[in-house]
Amino acid sequence: SSVEMTTVLGRLVADLITRRALEAELRRERESFKHLALHDGLTGLANRRHLEAALADAVAASNRTGRSLSLLFVDVDDFKVINDELGHDVGDRVLMAVADALRLATRTVDVVGRWGGDEFLVVAPRLARRSHAIELGQRILEMFASGVTLDDGRCVPCSLSVGVAWSGNAAEGAHTLLRRADDALYEAKVGGKDTVRAASA
């Protein structure tokens, strides 16, 4: 009868709506798990796994196109002192401030992430000159000239050190770029901190 047919159709529509809702929820959960797998839980930046993949892709693209590739290693100066004297909550706020600064200072084509602890990495393709990569590092430092202001109004003195590796035509291997940027970061630390050092071209 028409009443029975209407009832059956109503149930089918209800089942379809429920199924679509469940499928949408499952997609959201998958995206959430994917995001968690590739992003740092504190800062929301790319995590080390994501950075390694992004750097490998950037090196491959640089070798394929002959375009430049820059890598910046960023480290919070005396972070252990901040943690020990002011507490881990303040240390976490400093790390989140660094993450925010890196987002503001970089371009949409750059990949920014937390390498681990108080170390951050910026994968920056297509910066035409080595000096442009150094300028990016200096821009990041300048954002901490006044330290970090906490939610309660306190200002925490904070500075960064940056090591820069730049490859002009075709990029070196990812490990070589990382080593050069890390060596430059070490020179920045030894040279007095709160500075940018670039690996030799």
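In this predicted model, strands β2 (residues 111-116) and β3 run antiparallel and are joined by five bridges. Where one strand hands over to the other, G116 has E119, in β3, as its bridge partner. Two residues sit between the strands of this hairpin, and G117 takes a positive phi near 60° there.

Strand β2 also takes part in a salt bridge: R114 pairs with D40, with 3.2 Å between the closest N and O atoms. Since R114 belongs to β2 and D40 to the loop between α1 (2-38) and α2 (48-65), the pair ties together parts that lie 74 residues apart in sequence. Both R114 and D40 are buried.

That pair is part of a wider set, as the count comes to ten salt bridges. Another one brings together K193 and D78, at 2.7 Å from N to O. Here, too, distant parts of the chain are linked, with K193 in the loop between α6 (174-190) and β7 (196-198) and D78 in the loop between β1 and α3, 115 residues apart. K193 counts as partly exposed because its relative accessibility is 31%, and D78 is also partly exposed, at 43%.

What about the nonpolar side chains? The largest nonpolar core has 34 residues, and V76, V94, V98, L102, L136, F144 and L160 have the most contacts inside it. Several elements chip in at least two residues each, among them β1 (69-76), β3 (119-125) and α5 (130-142), but α4 gives the most, with nine. Leaving aside neighbours within four places in sequence, V98 touches V76, F120, F144 and L160. A second, separate core of 16 residues includes A58, F73, W115 and A181.

Methods
Residues numbered from 1 in each chain as written. Predicted model: local features only at pLDDT ≥ 70, side-chain atom pairs only at ≥ 80, totals over all residues. Heavy atoms only, no water. Core = buried A, V, L, I, M, F, W, Y, C linked by side-chain atoms within 4.5 Å. Buried < 20%, exposed > 50% of the residue type's maximum accessible area, 1.4 Å probe, protein only. Helix = DSSP H or I, 4+ residues; strand = E, 2+ residues; numbered from the N terminus. Contact = heavy atoms within 4.5 Å. Pairing = 2+ DSSP bridges. Salt bridge = Lys/Arg side-chain N within 4 Å of Asp/Glu carboxyl O.
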